[in-house]
Every structure is written in C-alpha cells, then in structure tokens.
Amino acid sequence: MIDLPWPPKELSPNARVHWTKKAKAAKAYRLECFILAKAAGMKAPTGRVALSIEFVPPDRRRRDDDNCLACFKAGRDGIADALG
C-alpha cells in the first residue's frame with residue numbers, strides 16, 4: 001500500500017486551463033508519484049495484477065468517481081514507471 005497526494009486541480013477533466021499548464025501539472029504529479037513509489041520499495045509483480053484505488057478527498061466536497069480516476073491517470077503512469 002502506498003499513500004499518494006491528491007491530484008492537482010489542473011488535472012480534473014472539468015478544469016478549464018491552458019493545455020501547457022495541465023501538461024506541466026501532469027508531469028510534476030507523475031514524477032511525484034514515481035518518487036513515492038520508488039521510496040516505498042514497490043516491486044513489479046509477475047503475472048496479472050489487481051489494482052485497488054481508494055480516494056480520500058482533502059475536503060468534504062462531493063467528487064465524481066469518473067473524474068477521480070481521470071485526475072489520477074498521471075499518478076498511475078508514475079507508478080507504472082516506477083515498476084518498470
């Protein structure tokens with residue numbers, strides 16, 4: 001198990017930001033998740049993998065589960081980079 005920070009608001013599909021700002025936020029979040037996964041000592045498993053994600057929002061606002069998954073794509077990519 002690894003605890004990752006909440007994705008930046010720029011990564012939300014509902015965010016109306018310039019593509020360069022979104023790309024910069026995605027790159028930074030991907031790198032942060034990569035570093036945290038490496039620091040946690042995650043190893044690449046063999047065979048099929050079941051991934052379980054639990055979102056714990058930083059505040060009490062309601063979130064859409066589809067948007068949470070979309071926001072976290074850069075984080076998943078960072079973990080995949082760490083696993084090789």
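Here are a few worked exercises on this predicted model.

**Exercise 1: Get your bearings**

Work out how many helices and strands the protein chain has, and in what order they come.

*Solution.* Start with the count: the protein chain has three helices and zero strands. Reading along the sequence then gives the pattern α-α-α. For the overall dimensions, the C-alpha atoms fit a box of roughly 40 × 30 × 20 Å along the principal axes. Next, burial: 20% of the 84 residues count as buried. Finally, look at the contacts with a separation of 6 or more: 69% of them link residues 24 or more positions apart.

**Exercise 2: Find the buried side of α3**

Which residues of helix α3 are buried, and what do they pack against?

*Solution.* Step one is to locate α3, which covers residues 73–83. Step two is to pick out its buried residues, and these are A74, G75, G78, I79 and A82. Step three is to ask how they sit around the axis: they span an arc of only 140°, so they lie on the same side of α3. The spacing makes sense if you remember that an α-helix has 3.6 residues a turn, so residues three or four places apart point the same way. Step four is to name the partners: the buried residues of α3 pack against α1 (19–39) and α2 (65–71). To finish, step just past the end of α3, where G84 takes a positive phi of about 90°.

**Exercise 3: Follow one arginine**

Place R30 in its helix, decide whether R30 is buried, partly exposed or exposed, and list what R30 touches.

*Solution.* First, R30 belongs to helix α1. Second, its relative accessibility is 34%, and because buried means under 20% and exposed over 50%, R30 counts as partly exposed. Third, leaving out residues up to four places away in sequence, R30 touches A74, D77, G78 and D81. Two of these, A74 and G78, also turn up among the buried residues of α3. Last, check P7: P7 is 23 residues from R30 along the chain, and their C-alpha atoms are 9.6 Å apart.

**Exercise 4: Hunt for disulfides**

How many disulfides are there in the whole structure, and how far is the sulfur of C33 from the nearest cysteine sulfur?

*Solution.* A search of the whole structure turns up zero disulfides. Take C33: the nearest cysteine sulfur belongs to C71 and is 12 Å away, so with a cut-off of 2.5 Å there is no disulfide at C33. C33 is also buried, at 0% relative accessible area. Now take C71: the closest cysteine sulfur is in C68, 6.4 Å away, which is too far for a bond. C71 is buried too, with a relative accessible area of 12%.

**Exercise 5: Look at two pockets**

What are the volumes of the largest and second largest pockets, and what kinds of residue line them?

*Solution.* Begin with the largest pocket, at about 780 Å³. It has 24 lining residues, and I2, L4, S52, I53 and E54 are the closest to its centre. By type, its lining splits into 19 nonpolar, one polar and four charged residues. The largest share of that lining, four residues, comes from α3.

Then turn to the second largest pocket, with about 190 Å³ of space. Its lining includes W6, P7, P8, R62, R63, C68 and C71. By type, the lining of this second largest pocket splits into five nonpolar, three polar and four charged residues.

Note on methods: Residues are numbered from 1 along each chain as its sequence is written. This is a predicted model: local features need pLDDT of at least 70, side-chain atom pairs count only at pLDDT 80 or more; totals for chains, interfaces and linings use all residues. Side-chain values use heavy atoms; hydrogens and water are left out. Buried means under 20% relative accessible area, exposed over 50%, partly exposed in between (1.4 Å probe, protein chains only). Helices (H or I, at least four residues) and strands (E, at least two) are DSSP runs, numbered from the N terminus. The arc is that of the directions from the helix axis to the C-beta atoms. Contact means heavy atoms within 4.5 Å. On a 1 Å grid over the protein atoms alone, a cavity is a set of points where a 1.4 Å probe fits but cannot get out, and a pocket is an open set with protein on both sides within 12 Å along at least five of seven lines; lining residues have an atom within 4 Å of a point. Grid points are joined across faces, edges and corners, and a volume is the space filled by probe spheres set on the points. Ala, Val, Leu, Ile, Met, Phe, Trp, Tyr, Cys and Pro count as nonpolar, Asp, Glu, Lys and Arg as charged, and the others, Gly among them, as polar.
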